[in-house]
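Thanks for coming, everyone. I would like to take a few minutes to walk through one model, and I will give the cut-offs as we go along. Let us bring it up on the screen.

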Number of protein chains: 2
Amino acid sequence: MSGWLAIAGLGPGSEALVTPEVRVALAQATDIVGYIPYVARIAPRDGLTLHPSDNRVEGERAAHALEMAAAGRRVVVVSSGDPGVFAMAAAVFEALEAGPEAWRDLSINVLPGITAMLAASARAGAPLGHDFCAINLSDNLKPWELIERRLRLAVEADFAIALYNPRSKARPEGFARTIDLLRDVCGDDRPILFARAVSTPEETLTIVPLSQATPDMADMRTMVIIGSSQTRIISRSGAPILYTPRSAS
Amino acid sequence: MSGWLAIAGLGPGSEALVTPEVRVALAQATDIVGYIPYVARIAPRDGLTLHPSDNRVEGERAAHALEMAAAGRRVVVVSSGDPGVFAMAAAVFEALEAGPEAWRDLSINVLPGITAMLAASARAGAPLGHDFCAINLSDNLKPWELIERRLRLAVEADFAIALYNPRSKARPEGFARTIDLLRDVCGDDRPILFARAVSTPEETLTIVPLSQATPDMADMRTMVIIGSSQTRIISRSGAPILYTPRSAS
């Protein structure tokens with residue numbers, strides 16, 4: 001069997017943030033599988049079949065990719081950011097575990113990418129410079145109560161907190177509740193970063209105290225980072241710098 | 001003033017994981033500043049001065065880089081992994097805040113990289129595929145009590161946990177205490193990944209249940225990831241796959 005499967009991270013948007021390792025896999029592929037806007041980033045060429053699919057069909061997409069690899073194709077599943085962070089790698093392994101035994105012999109490689117929180121953090125300064133956590137705010141795959149519980153424990157641990165998918169389509173009020181909860185437990189002054197479409201021409205960065213955060217500051221392309229109690233802002237003539245010092249007491 | 005400062009992530013070791021954005025900065029630099037083994041990764045060339053320095057002098061190194069940029073040099077501070085995750089970006093901003101007001105007008109950019117936990121996660125499967133946290137186990141810059149408190153809260157939140165710097169030189173018994181604590185609160189069966197020197201020729205990956213983890217499985221080049229209660233292992237003829245499914249209840 002000469003087929004293989006790579007699950008590759010395209011980074012947050014800029015081609016300058018795609019690793020050479022991912023470039024090689026894309027160049028060797030016969031098939032590209034992924035969510036429509038991510039597959040749209042791949043240049044068509046002879047011998048390459050693009051398989052864009054809609055959101056919310058991750059399981060079917062993963063099984064399709066495994067089937068093609070088992071049939072001898074060289075398949076790259078593309079994710080934005082890093083495939084292992086709230087993206088396709090876990091979906092592929094769920095499908096692998098549920099699928100035919102023969103799939104387990106396939107060559108499968110996960111190729112890491114620059115995940116959204118690292119890109120956003122870099123553009124703002126270094127808000128994740130001390131201990132931190134990453135929480136997916138989408139409640140498609142877990143109950144809202146678990147999200148709230150994690151947020152409270154994360155604040156108690158004094159982590160900086162990176163929030164992926166802040167605006168869930170299924171429950172748009174979730175992010176409003178998140179802001180209320182955070183104000184409750186962190187106070188009004190804690191800095192919050194809204195980093196939208198980082199590394200693309202549409203990039204915007206906004207840093208406000210929690211008291212001024214409103215739900216409409218985030219959309220589906222926004223990464224949100226809440227500082228820890230130690231996170232600081234350096235003012236200057238240009239954009240302010242948001243960072244968390246290395247030491248804590 | 002035509003000088004600038006870039007704080008760049010070289011990724012975990014392989015040149016195939018260095019982003020094109022970082023390559024461009026390195027090609028334009030007049031000066032490279034960083035910890036000895038990271039600066040050793042940069043090829044010497046005419047017009048480029050290398051400034052390797054020892055571990056534990058991050059503050060002085062950061063100030064030196066800012067001074068040179070202020071003097072008109074094009075300076076790249078190199079970190080392994082991502083500069084914003086337990087690396088040089090926070091150290092530079094600490095020095096910036098403490099330094100002369102004029103430094104604040106400098107052009108400073110953080111260039112993200114593939115941080116160790118993402119590289120380790122990719123090689124093992126997708127253990128960070130659901131909510132997770134990252135904790136620096138070094139107690140150089142924070143009290144051990146805070147580390148223990150964070151570990152307990154992270155387990156209570158059922159995060160997968162990525163541990164940076166598991167073997168602190170200053171307190172080698174710290175990682176033994178961490179394993180004891182985790183066994184206490186997670187039970188014996190929770191999988192733990194030891195990923196050493198990922199993406200280099202010396203790479204090794206070991207996955208064991210917590211009951212079989214021993215402190216000597218980690219050294220200064222090892223990334224440790226402890227699964228959440230949902231993390232699973234897929235057995236197969238090749239290396240097993242460690243992953244955390246997307247959903248939780």
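**Strands, core and the two-chain contact**

I will begin with one pair of residues: Ala162(A) has Ile225(A) in S11(A) as its bridge partner. Before going further, I should say that this is a predicted model, in which local features need pLDDT of at least 70 and side-chain atom pairs count only at pLDDT 80 or more, while totals for chains, interfaces and linings use all residues. As for the labels, residues are numbered from 1 along each chain as its sequence is written, and chains are lettered from A and ligands numbered from 1 in the order in which they are written.

The names of helices and strands refer to DSSP runs, numbered from the N terminus, with H or I and at least four residues for a helix, and E and at least two residues for a strand. Two strands are said to pair if DSSP finds at least two bridges between them. With that in hand, S8(A) and S11(A) pair in the antiparallel sense over 3 bridges, and strand S9 (residues 191-196) of chain A pairs with S11(A), again in the antiparallel sense, over 5 bridges. On that side, Leu193(A) stands opposite Ile225(A).

How much of S11(A) is buried? I call a residue buried if 20 or more other C-beta atoms, placed from the backbone, lie within 10 Å of its own, exposed if there are 12 or fewer, and partly exposed in between. By that count, 5 of the 5 residues of S11(A), which spans residues 222-226, are buried; Thr222(A), Val224(A) and Ile226(A) point one way, and Met223(A) and Ile225(A) point the other way.

Going across S8(A), we come to S7(A), which pairs with S8(A) (residues 160-164) in the parallel sense over 5 bridges, with Ile135(A) and Leu163(A) as bridge partners. S7(A) is also mostly covered, with 5 of its 5 residues buried: Phe132(A), Ala134(A) and Asn136(A) point one way from the strand, and Cys133(A) and Ile135(A) the other way.

S7(A) also takes us into the second chain, since 3 bridges join S7(A) to strand S7 (residues 132-136) of chain B, and these two strands run antiparallel. One such position is Phe132(A), which stands opposite Ala134(B).

How are the two copies related? After least-squares superposition on the C-alpha atoms of residues with pLDDT of at least 70 in both, chain A can be laid on chain B with an RMSD of 0.0 Å by a turn of 180 degrees and a shift of 0.0 Å along the axis. The copies are therefore related as by a two-fold rotation axis, and in chain A the C-alpha nearest that axis is that of Cys133(A), 1.9 Å from it.

Turning to the interface as a whole, and taking two residues to be in contact if their C-beta atoms, placed from the backbone, lie within 7 Å, 57 residues of chain A are in contact with 57 residues of chain B. The largest share of the chain A side, 7 residues, comes from H4(A). By class, the chain A side has 34 nonpolar, 11 polar and 12 charged residues, where Ala, Val, Leu, Ile, Met, Phe, Trp, Tyr, Cys and Pro count as nonpolar, Asp, Glu, Lys and Arg as charged, and the others, Gly among them, as polar. Because 100% of the interface residues of chain A are also interface residues in chain B, the copies meet through the same surface.

H4(A) itself is mostly covered, with 9 of its 11 residues buried, including Val92(A), Phe93(A) and Glu94(A).

That brings me to the core, a nonpolar core being a set of buried Ala, Val, Leu, Ile, Met, Phe, Trp, Tyr and Cys residues joined through C-beta atoms within 7 Å. The largest has 168 residues, and those with the most contacts inside it are Val77(A), Val92(A), Ile161(A), Val92(B) and Ile161(B). Leaving aside neighbours within four places in sequence, Ile161(B) is in contact with Phe132(B), Cys133(B), Ile135(B), Ala154(B), Ile225(B) and Ile226(B).

Finally, the domains, whose bounds come from an automatic or database domain assignment: chain A has domain 1 (4-114) and domain 2 (117-243), with C-alpha centres that lie 28 Å apart. Between them, 7 residues of domain 1 are in contact with 10 residues of domain 2 in chain A, and the domain 1 side has 5 nonpolar, 2 polar and no charged residues.
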